[in-house]
Amino acid sequence: MVGEKDFQERTRLLVGEAGVACLQKARVAMLGLGGVGSYALEALARAGIGAFWLIDGDVIELSNLNRQLLALRSTLGAAKTEAARARVADINPRALVRCEQMRYTAESGLDFTGWDYVVDAIDEMNPKVALALACRQAGTPLIAAMGAGRRLQTAGFSVCDVGVSRGDPLARRYRRLLRERGVAEGVKVVVSAEPPLPQTPGEAVGSVSFVPAVVGLLMAGEVVRELLGKGKLGG
């Protein structure tokens with residue numbers, strides 16, 4: 001049986017014992033466990049993050065199979081939070097996982113004070129804005145996914161401050177709503193400078209397997225690097 005030391009053997013070679021310890025102590029809240037969030041969670045769990053707060057109100061549906069890591073024939077109908085809890089436990093049984101089966105809103109009353117990072121993979125705009133404001137009040141770093149749908153290209157995605165983001169209609173609206181609430185900068189986003197493909201009005205947003213995955217992995221990478229940087233272990 002593979003021992004616990006072996007689980008982080010390759011990570012330890014990259015970031016050292018202190019880096020592994022830093023990640024094990026980290027506490028990350030994840031909101032949204034769909035195409036973007038499920039891949040972000042996967043990368044963070046395999047990086048050895050020690051505690052998660054998983055927040056999502058959805059169950060796994062057939063339409064999720066084309067892009068969501070948690071979606072399998074065997075998990076159809078399961079709450080995404082519980083499927084995520086089981087997957088994290090199968091990767092790192094020592095990780096602490098708290099689940100909230102709920103859709104986050106401004107009225108949810110969740111306090112992110114004391115958490116090391118918040119990952120926003122929510123689809124809806126009003127909850128995204130409410131979450132950004134809640135994180136600012138709590139003093140907790142946030143990274144938010146912008147549009148991953150209606151795209152076939154991944155090369156244009158990058159991490160930047162929402163104040164300088166360009167090209168994404170979702171980011172433009174997010175930036176405007178935050179500015180109306182007095183937040184002009186200081187919110188990290190993953191965004192593509194390439195405009196999304198056209199969509200027939202009234203149709204669901206089209207998506208593909210690899211684009212949300214790239215966005216989620218970019219988010220996880222930024223979180224890990226920033227956590228290690230705060231631990232004086234590099235950028």
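This report describes a sheet, a helix packed on it and a surface patch in a predicted model.

Residues are numbered from 1 along each chain as its sequence is written, and side-chain values use heavy atoms, without hydrogens and water. Local features need pLDDT of at least 70 and side-chain atom pairs count only at pLDDT 80 or more, whereas totals for chains, interfaces and linings use all residues.

Seven strands make an open, mixed sheet in the order β3-β2-β1-β4-β5-β7-β6. Its edge strands, β3 (96-100) and β6, each pair on one side only. Strands are DSSP runs (E, at least two residues) and helices likewise (H or I, at least four), numbered from the N terminus; two strands pair if DSSP finds at least two bridges between them.

Two of the pairings are listed below.

| Pair | Sense | Bridges | One bridge partner pair |
|---|---|---|---|
| β4 and β5 | parallel | three | Asp 120 and Ala 144 |
| β6 and β7 (188-192) | antiparallel | five | Asp 161 and Lys 188 |

Helix α3 (residues 35-47) packs on the sheet and touches β1 (27-31), β2 (51-55), β4 (117-120) and β5. Contact means heavy atoms within 4.5 Å.

In β5, Leu 142 and Ala 144 point one way, Ile 143 and Ala 145 the other, and all are buried. Buried means under 20% relative accessible area, exposed over 50%, and partly exposed in between (1.4 Å probe, protein chains only).

Leu 152 lies in the loop between β5 (142-145) and β6 (157-161). Leu 152 counts as exposed because its relative accessibility is 53%.

Key:
Axes fitted to C-alpha atoms, helices over the stretch in contact; angles between N-to-C directions.
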